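Trainee: I would like a close look at one part of this model, the pockets. Please take me through them, and then through the parts of the chain around them.

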Amino acid sequence: MGLKAVHFGGGNIGRGFVAEKLHESGYEVVFVDVVDELIKKLQSVPKYTVTEIGGEGEKVNTITNYRAINSKTHEADAIKEISTADMVTCAVGPNILKFIAPVIAKAIDARKESTPLAVIACENMIGATDTLAGFIKEPKNTPEDRLSTINNRARFANSAIDRIVPGQDPDAGLNVKIESFYEWVVDKTPFAPHGPPKVNAIKWVDDLTPYIERKLFTVNTGHATAAYYGHARGKHTIADALEDKEINKIVRDCLAETSHLIVNKHGISVQEQKDYVEKIIKRISNPHLEDVVERVGRAPLRKLGRKERFVGPAHHLAEQGDKYTALLGAMEQAFRFVDVEGDEESFELGKMLKSMDAPSIVSKVCGLEKSDKMFSEVQEIVERVQKK
C-alpha cells in the first residue's frame, strides 16, 4: 500500500498548500469536505494546477492522485479512509475543528494499523492540533475506556504554517494561485518512538512555540494591520495599502513592537528578526499576489481574540511594561471593521458594538480581565468606536 493522507477542507489552502506538498511527497490525498459543489468538482476533475508566484516569476505544478468524499452524506466512507491513512490534516478554520472531530474520533477508534495515525491541524491558530485533539477526546466522541490507549492509535502534533493565498480568479475552478514562499513547521516530539511521517516540505522541530509566535506575531499581525488600515482608507489590496507611506510606517511600528517581544522571549537575534520582518513586508507587498483588504481582514472577532495577532503580543508587552501603542491602534481599526459584505463576523461585531457595553465587549471578544494592564485602554478604544 502506498502513502495516504486524508485532508479536511478542500479550499485554497487545502488544495494549494497542504495537498500540493503531500502530493510532492508521494501521498494519495483524500479530500473530505461538506460543500457539495466542491466535492463534485474534485470527484470529476482528475487534476488541477497550483501556480506559485514569486519574485523570480511563476511555476506551475500539476496535482493528481486525489479523491474526494462528502462527509455530510458519506461519513462511513470518510471514517474508513481515515482508519487506514498515514496522516490526517485539516485547513478548515479554527471554528470548524469541533465539527470534524467526531468523524476523526470514530476513525481513530476503529484503527488497527500498527503505526499510530499522525494528526496535524494546519490552521492559523496557536495550538490548533491540541484544540482538535481536545474535541476528539471528549466523552461524546471517544469512550472513556478508550482514552487511555488512544496514543496507540493516533498522535497529535501542533504545526505552524506560513503561506499567503490571495483571492482567486472567479473562473479558476480548482486551480490555485499561491505565493512561492512557504514554511510548514511541525512538532516532532509526539511521534516517538516510531518517528514522524515522511513529508519533504515539513520542518520537524523539538520546540514549536518560537516558530508559531514569530509567524503569528509578524506575518499575521503585519498582514491584518495593513488590511484594517487599508480598509479604513479605501485601499483595494494589501499592496495598495503598503504603498501608502503612512500605513507602511504603521505596519512597521506594529512589527517593531512584536519584534521586541519575539527577540526577548525566544532568544532570536535582533538582526535575524529584522531580516524576517523585511522579508514579510516584501512578501505581503507583492502586487502579483492581489490580496483584497476585505478578504485579509475578515473574521475580526477571531483576530481580536486573546491568543491572536494583536491582543496576544500586546498583553505580554503590557505586563512587561513595554510599548504596545501601535498594536492598540491596529486593534482600533479591527474594531471598526464592521458590516463588511461577505463577512458574518464583521456584522456580528457591529451588532455587539450597538448592543453591549464596552467592558463586556473587551471581555467577550478579547478575553481580557479587568485586572489586565491593557484592559482600560482597550475599553477606551471600544467606547471611541461606539461613539462613531
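Mentor: What follows goes from the pockets to the recorded domain, and then to some single residues. Keep in mind that this is a predicted model.

Start with the largest pocket. About 1100 Å³ of space lies in it. Its lining is made of 36 residues. Closest to the centre are Asn124, Arg295, Arg298, Arg302 and Lys303. Which elements supply at least two residues each to this lining? They are α1, β9 (159-162), α7 (209-232), α11 (293-297) and α12 (300-303). The largest share comes from α7, with five residues. Sorted by class, the lining has 15 nonpolar, seven polar and 14 charged residues.

Now the second largest pocket. The volume here is about 570 Å³. Its lining counts 25 residues. Nearest the centre of this pocket lie Gly9, Asp33, Val34, Val35 and Leu38. At least two lining residues each come from α1, β2, α2 (36-44) and α4 (97-109). Helix α4 gives the most, with three residues. By class, this lining splits into 14 nonpolar, six polar and five charged residues.

Note that α1 supplies at least two residues to the lining of the largest pocket, and at least two to that of the second largest pocket. Follow the chain on from α1. Helix α1 covers 12-24, and the loop between α1 and β2 (28-33) holds Gly26. Is Gly26 buried, exposed or partly exposed? Gly26 is partly exposed, because its relative accessible area is 47%, between the 20% and 50% cut-offs. Leu3 sits 23 residues from Gly26 along the chain, yet their C-alpha atoms are separated by 6.7 Å.

Next, the record. UniProt, in an unreviewed entry, places the feature "domain: Mannitol dehydrogenase N-terminal" at residues 4-192. In the model, that span is 30% helix and 29% strand. The C-alpha atoms at its two ends lie 20 Å apart.

The end of that span is worth a stop. The peptide bond from Ala192 to Pro193 is cis, with omega near 0°. Pro193 lies in the loop between β11 (183-187) and β12 (202-205). Why look twice at such a bond? Most peptide bonds are trans, and most residues other than glycine have a negative phi.

The second half of that rule brings up two more residues. Asn65 is not a glycine, but has a positive phi of about 60°. Asn65 sits in the loop between β4 and β5 (66-70). With a relative accessibility of 42%, Asn65 counts as partly exposed. Asp339 is not a glycine either, and has a positive phi of about 55°. The loop that holds Asp339 runs between α14 (325-335) and α15 (344-355). Asp339 is also partly exposed, at 40% relative accessibility.

Go back to β4, where the loop of Asn65 begins. Strand β4 (residues 57-63) runs antiparallel to β3 (residues 48-54), and seven bridges join the two. One partner pair is Thr49 with Thr62 in β4. A hairpin of two residues takes the chain from β3 to β4. In a regular strand the side chains alternate between the two faces of the sheet.

Now a helix residue. Ser83 is in helix α3 (residues 75-83). Is Ser83 buried or exposed? Ser83 is buried, because its relative accessible area of 11% falls under the 20% cut-off. What does Ser83 touch, apart from neighbours within four places in sequence? The contacts are Ala107, Ala110, Arg111 and Glu113. Ala107 falls within the span of α4 (97-109), one of the helices that line the second largest pocket.

Last, another serine. Ser269 is found in the loop between α9 (245-266) and α10 (270-284). Its relative accessible area is 38%, so Ser269 is partly exposed. Ser259 lies 10 residues away in sequence, and the two C-alpha atoms are 9.9 Å apart in space.

To pull the pockets together: α7 gives five residues to the lining of the largest pocket, and α4 gives three to that of the second largest pocket. Charged residues number 14 in the lining of the largest pocket and five in the lining of the second largest pocket.

Methods: Residues numbered from 1 in each chain as written. Predicted model: local features only at pLDDT ≥ 70, side-chain atom pairs only at ≥ 80, totals over all residues. Heavy atoms only, no water. Helix = DSSP H or I, 4+ residues; strand = E, 2+ residues; numbered from the N terminus. Buried < 20%, exposed > 50% of the residue type's maximum accessible area, 1.4 Å probe, protein only. 1 Å grid on protein atoms, 1.4 Å probe; cavity = no way out; pocket = protein on both sides within 12 Å on 5 of 7 lines; lining within 4 Å. Points joined across faces, edges and corners; volume = space filled by probe spheres on them. Nonpolar A, V, L, I, M, F, W, Y, C, P; charged D, E, K, R; others polar. Contact = heavy atoms within 4.5 Å. UniProt positions renumbered as here; feature names shortened; annotations may be inferred. Pairing = 2+ DSSP bridges.
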